[in-house]
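Reader: Hi! Could you walk me through this one before I set anything up?
Author: Happy to, let's have a look together.

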Amino acid sequence: MGKKVSDLTLDDEHMTVGVDDTLQEAAKRLLTISGGIVVVLDDDAKVKGVLGQRQLIKALGDGVDASVAPCHQHMEMDFMQVGMDDNLKEVLAMVQERSPQAVVAVSEDEEFIGYFSPSDYQEAVQLVDNLKNLNL
């Protein structure tokens with residue numbers, strides 16, 4: 001009876017933005033959440049990348065005009081997709097092995113569902129440990 005990704009709350013700590021939206025728009029959205037990321041989606045709600053504070057600061061440091069530069073030119077593309085029915089223990093092992101910049105949950109059609117944040121990772125570790133302690 002293993003826990004699944006769907007047992008976590010994945011609808012917090014992120015905002016979404018379109019691939020052609022500007023970095024300025026991404027920054028505005030990022031400011032509305034604390035410590036999260038902006039997930040970059042295409043028109044079909046498929047994840048194309050992520051933007052965090054680091055990517056935005058790097059772009060500004062490089063002299064990019066945030067009011068016109070599109071997100072897709074500056075997003076991080078090292079993300080891992082997981083399904084809602086994926087086993088948490090297996091997901092944690094994959095994350096540990098691969099160390100992606102972000103983990104996102106997607107539907108069977110690969111449409112974005114939620115962001116697997118660092119706090120979600122800690123919650124998942126605790127859930128798996130609790131099941132192990134109960135011999136489940």
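Author: A quick term to start with: helices here are DSSP runs of H or I with at least four residues, numbered from the N terminus. By that count, N130 is found in helix 4, residues 118-133. Keep in mind that this is a predicted model.

Reader: Thanks! Is N130 buried or exposed?
Author: N130 is partly exposed, because its relative accessible area is 39%, and that class lies between the 20% limit for buried and the 50% limit for exposed.

Reader: And how far is N130 from T32?
Author: From C-alpha to C-alpha, N130 and T32 are 33 Å apart in space, with their positions 98 residues apart in sequence.

Reader: Switching to the fold, what order do the elements come in?
Author: Starting at the N terminus, they run β-α-β-β-α-β-α-β-β-α. That gives 4 helices and 6 strands. The radius of gyration is 16 Å, close to the 14 Å from the globule rule for 136 residues, so the protein is as compact as a globular protein of that length.

Reader: What does the C-alpha trace span along its principal axes?
Author: About 55 × 30 × 25 Å.

Reader: Nice. How much of the protein is buried?
Author: 38% of the 136 residues count as buried. The accessible surface comes to about 7900 Å², and carbon and sulfur atoms account for 46% of that.

Reader: Last one, for my electrostatics: how many positive and negative side chains are there?
Author: There are 11 positive and 25 negative ones, and the centres of the two sets lie 4 Å apart.

Methods:
Residues are numbered from 1 along each chain as its sequence is written. This is a predicted model: local features need pLDDT of at least 70, side-chain atom pairs count only at pLDDT 80 or more; totals for chains, interfaces and linings use all residues. Side-chain values use heavy atoms; hydrogens and water are left out. Helices (H or I, at least four residues) and strands (E, at least two) are DSSP runs, numbered from the N terminus. The radius of gyration is taken over C-alpha atoms; the globule rule is 2.2 Å times the number of residues to the power 0.38. Buried means under 20% relative accessible area, exposed over 50%, partly exposed in between (1.4 Å probe, protein chains only). Accessible areas come from the Shrake-Rupley method with a 1.4 Å probe; for residues, only the protein chains shown count as cover. Lys and Arg count as positive and Asp and Glu as negative; His and the chain ends are not counted. The place of a charge is taken as NZ of Lys, CZ of Arg, CG of Asp or CD of Glu.
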